[in-house]
Amino acid sequence: MAPALQQPTPSETITIDASSESNNVTITGKIYTRVRLATKSDLSHIYQLFYQIHEYHNYTHLYKATESSLANLLFKENPLPLFYGPSVLLLEVSPTPFKEPKNTTNEGFNPVLTTFDLKFPVVEGQVEEFRSKYDDKSDTYIAGYAFFYANYSCFYDKPGFYFESLYFRESYRKLGMGSLLFGTVASIAANNGFVSVEGIIAVWNKKSYDFYINMGVEIFDEFRYGKLHGENLQKYADKKG
């Protein structure tokens with residue numbers, strides 16, 4: 001689970017102003033958001049966002065993914081049922097309103113539309129790099145993602161979600177969008193028969209830690225995260241399994 005974002009206090013400013021200079025767009029007044037399931041057309045953006053979260057944690061030397069390997073992971077020709085395989089929700093932003101979805105898309109998930117009042121201008125500094133390819137709305141930019149998948153435990157008789165990561169590009173932090181995105185994942189779980197949403201919380205990041213507590217996450221201090229990987233894992237390569 002990644003850095004937390006706080007819900008904004010509604011602003012009295014209701015004007016919408018998007019100004020563009022070079023590769024920048026400045027949004028003031030209101031910002032419109034759409035949470036949707038990622039599609040294969042989002043592959044290059046997902047690759048960049050996954051790289052950025054590795055940068056945030058100073059782990060770029062561990063980033064082994066390619067667009068090809070991510071395509072094989074996220075968009076298989078014969079995928080698992082919806083939400084059981086690796087799933088990515090993208091949060092998009094725009095200075096102008098999104099159209100209400102006409103019908104259910106992505107095999108059962110309707111995009112979630114929300115509006116935020118801005119207390120300060122938001123600058124989209126990578127217009128072309130993060131312009132959405134989802135539809136013909138050209139003033140839409142990808143701000144962040146949530147990555148999760150079904151997991152199983154002998155403690156439950158039904159699957160839950162493993163919440164792998166939540167990340168926002170720097171311009172879109174501290175706006176309240178983290179609550180929206182994590183809350184959307186929790187809503188999907190609750191409405192589709194999953195019994196939990198669980199993941200790793202960085203204890204050194206107090207804002208992130210407090211965010212998940214405030215979202216209702218229970219912390220189990222008696223357990224530690226363990227990982228068998230690298231050379232220690234390869235020691236078992238010659239054994240039958």
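Colleague: Let's start with Tyr 212: is this residue buried or exposed?

Modeller: Happy to help, and please keep in mind that this is a predicted model. Buried means under 20% relative accessible area. Tyr 212 has a relative accessibility of 0%, so this residue counts as buried.

Colleague: What kind of ring pair do Phe 211 and Tyr 212 make?

Modeller: A pair of aromatic rings is described by the distance of the centres and the angle of the planes. For Phe 211 and Tyr 212 the centres lie 4.8 Å apart and the planes stand at 75 degrees. Planes over 60 degrees apart count as edge-to-face, so the pair of Phe 211 and Tyr 212 is edge-to-face.

Colleague: How many aromatic pairs are there, and how is the one between Phe 83 and Phe 148 classed?

Modeller: The count comes to 18 aromatic pairs. In the pair of Phe 83 and Phe 148, the ring centres are 6.3 Å apart and the planes meet at 25 degrees. Planes under 30 degrees apart count as stacked, so Phe 83 and Phe 148 are stacked.

Colleague: Which parts of the chain does that pair link?

Modeller: Phe 83 is buried, with 4% relative accessible area, and Phe 148 is buried at 0%. The two residues are 65 apart, so to speak of distant parts of the chain is fair. The parts linked are the loop between helix H2 (67-74) and S4, for Phe 83, and strand S7, for Phe 148.

Colleague: On to charges: which strands does the salt bridge between Lys 30 and Asp 117 tie together?

Modeller: The closest N and O atoms of Lys 30 and Asp 117 are 2.6 Å apart, and both residues are buried. The pair ties together parts that are 87 residues apart in sequence, because Lys 30 and Asp 117 lie in strand S3 (residues 30-37) and strand S5 (residues 112-117).

Colleague: Which residues join Arg 36 in a salt-bridge network?

Modeller: Arg 36 forms a salt bridge with Asp 42, closest N and O atoms 2.8 Å apart, and another with Glu 92, also at 2.8 Å. Arg 36 and Glu 92 are both buried. Shared partners join Arg 36 into one network with Arg 34, Asp 42, Glu 92 and Asp 135.

Colleague: Last one: which residues form a nonpolar patch on the surface with Tyr 152?

Modeller: Tyr 152 sits in the loop between strand S7 (141-151) and strand S8 (160-168). At 60% relative accessibility, Tyr 152 counts as exposed. The patch has about 360 Å² of accessible area together, and the partners of Tyr 152 in this patch are Leu 80 and Tyr 84.

Methods:
Residues numbered from 1 in each chain as written. Predicted model: local features only at pLDDT ≥ 70, side-chain atom pairs only at ≥ 80, totals over all residues. Heavy atoms only, no water. Patch = residues over 30% accessible without salt bridge, like charges linked within 9 Å, V, L, I, M, F, W, Y side chains within 5 Å. Areas by Shrake-Rupley, 256 points an atom, 1.4 Å probe, with all protein chains shown as cover. Salt bridge = Lys/Arg side-chain N within 4 Å of Asp/Glu carboxyl O. Helix = DSSP H or I, 4+ residues; strand = E, 2+ residues; numbered from the N terminus. Buried < 20%, exposed > 50% of the residue type's maximum accessible area, 1.4 Å probe, protein only. Phe/Tyr/Trp six-rings, centres within 6.5 Å; stacked < 30°, edge-to-face > 60°.
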